[in-house]
Protein chains: 2
Amino acid sequence: MTETPMSNVHAAEPLPAPKTQRGERTRQKILDAAEREIGARGFSDASIATITAEAAVAQGTFYLYFRSKEEVLRELVLRMGRRLRHHLTRAVMDAPDRMEAERLGIRAFLQFVRDNPNLYRVVAESQFVDPAVHRAYYEEFAAGYSEGLRTAEARGEISPGNAEVRAWALMGVTDMVGRRFALYDPNGALDAAAEAAYDFVAHGMAPRAGKPGRRG
Amino acid sequence: MTETPMSNVHAAEPLPAPKTQRGERTRQKILDAAEREIGARGFSDASIATITAEAAVAQGTFYLYFRSKEEVLRELVLRMGRRLRHHLTRAVMDAPDRMEAERLGIRAFLQFVRDNPNLYRVVAESQFVDPAVHRAYYEEFAAGYSEGLRTAEARGEISPGNAEVRAWALMGVTDMVGRRFALYDPNGALDAAAEAAYDFVAHGMAPRAGKPGRRG
């Protein structure tokens, strides 16, 4: 890719944020266009030329805001993470306890996938472009999640358990159920899948005391 | 990539299997080299030249077995899937019931990730090269998993529930716990993470009857 001469500058700080609202709007417009382009064509086929054409800005304008296509992808992953966290925080803010927050959070995640079909692609592409950013995407979610679970355990809102393993397990549940029911199936109802996933998260699938199976 | 003129031939059947053991050994040698190359450099930087050099075969030999680098990646995903299924089937074959099979299966999956550090990369790369193969990788696992869960439910070995959602949820649990504890942390002990993941899968994390939390 001749357009990414600085692709080795992984550790470089992003360019300074625009000083004007107009500049910030242009920067977001480029990011929106890059998200669509990468979502549709993939990272290696998306080019700065196609991104700026899609954003309806001059190609030189790109370099006022980003050093490279790689830097755009990194910023897209960070932006996706912020948006998802914001979406989930709003969805669960009125939950009376942790399990109800999990129920609302699972449903909200599936909706986010439906509304942001480029989420999986953008995050997945980043693991090859910048493994550290990709890993941080998951680790930051897991760290916040683990802390919330520890607090909930101390309050007796969940059973005692390994908070870190549970955090990653919960991320896996929503990741894969989201893939199947919100991404692969873009039109199916989400409520039933969300409820079944919540039931799994709440109770697991071992036979339940007092509720024997048919031939248990 | 000038070396992949046939990359659009997604639906093409793979070339016929080698007729001799020697041919099959050469084919596997090329696949092994491709797995190492793609694992280390990624799909777009791995080339047929580097793969054949790594395999110590002439570049022309490659084309006796594969049409393109894309076809090699497809075959790697299928081979990973077969190996993983074989590994898990062996690990759980002596389990007396489904929940014990889950326990053994989770532990075995983490070990497989440890022993096959290219698993995640090969599977993830395939979603951009051939989305159908990538999706089939998960869907085939989920189909077999769902069927096993329905049988287990009929036998009373697990609680009643949505087998398909549970199958994807379980794949998510092992995928993310494997990422954190077997891939990101290549040396840590796996037993504790596997046991905690099993506990989550068996019992979920809602407060348990008769085991109230500290301040519940």
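## Two buried charged residues and the chain around them

Let us start with B:R121, which touches A:F128, B:I38, B:G39, B:A40, B:R41 and B:G42, leaving aside residues up to four places away in sequence; a contact here means heavy atoms within 4.5 Å. This is a predicted model, in which local features need pLDDT of at least 70 and side-chain atom pairs count only at pLDDT 80 or more, while totals for chains, interfaces and linings use all residues. Residues are numbered from 1 along each chain as its sequence is written, chains are lettered from A and ligands numbered from 1 in the order in which they are written, and side-chain values use heavy atoms, with hydrogens and water left out.

B:R121 belongs to helix α6 of chain B, residues 119-129. Helices (H or I, at least four residues) and strands (E, at least two) are DSSP runs, numbered from the N terminus. Although B:G39 is 82 residues away along the chain, its C-alpha atom is 6.1 Å from that of B:R121.

Is B:R121 buried or exposed? B:R121 counts as buried because its relative accessibility is 18%; buried means under 20% relative accessible area, exposed over 50% and partly exposed in between, with a 1.4 Å probe and protein chains only.

B:K69 sits in helix α4 of chain B, residues 69-92. B:K69 is buried too, with a relative accessible area of 1%. The side chains of both residues have a polar atom paired with a backbone oxygen, as the table shows. A polar contact is a pair of N or O atoms within 3.5 Å; within protein, one must be able to donate a hydrogen and the other to accept it, and residues adjacent in sequence count only if both atoms are side-chain atoms.

| Side chain | Backbone oxygen | Distance |
|---|---|---|
| B:K69 | B:F43 | 2.6 Å |
| B:R121 | B:I38 | 3.5 Å |

Now for chain A as a whole. Chain A has nine helices and zero strands, and its C-alpha atoms fill a box of roughly 70 × 35 × 30 Å along the principal axes. Of its 216 residues, 53% are buried. Among contacts between residues at least 6 apart in sequence, 69% join residues at least 24 apart.

How confident is the predictor, and where is it less so? Chain A averages a pLDDT (confidence in each residue, from 0 to 100) of 90, and 91% of the residues score at least 70. Over residues 1-11 of chain A, pLDDT stays under 50. Residues 212-216 of chain A are also below 50.

Note on methods
pLDDT = per-residue confidence, 0-100.
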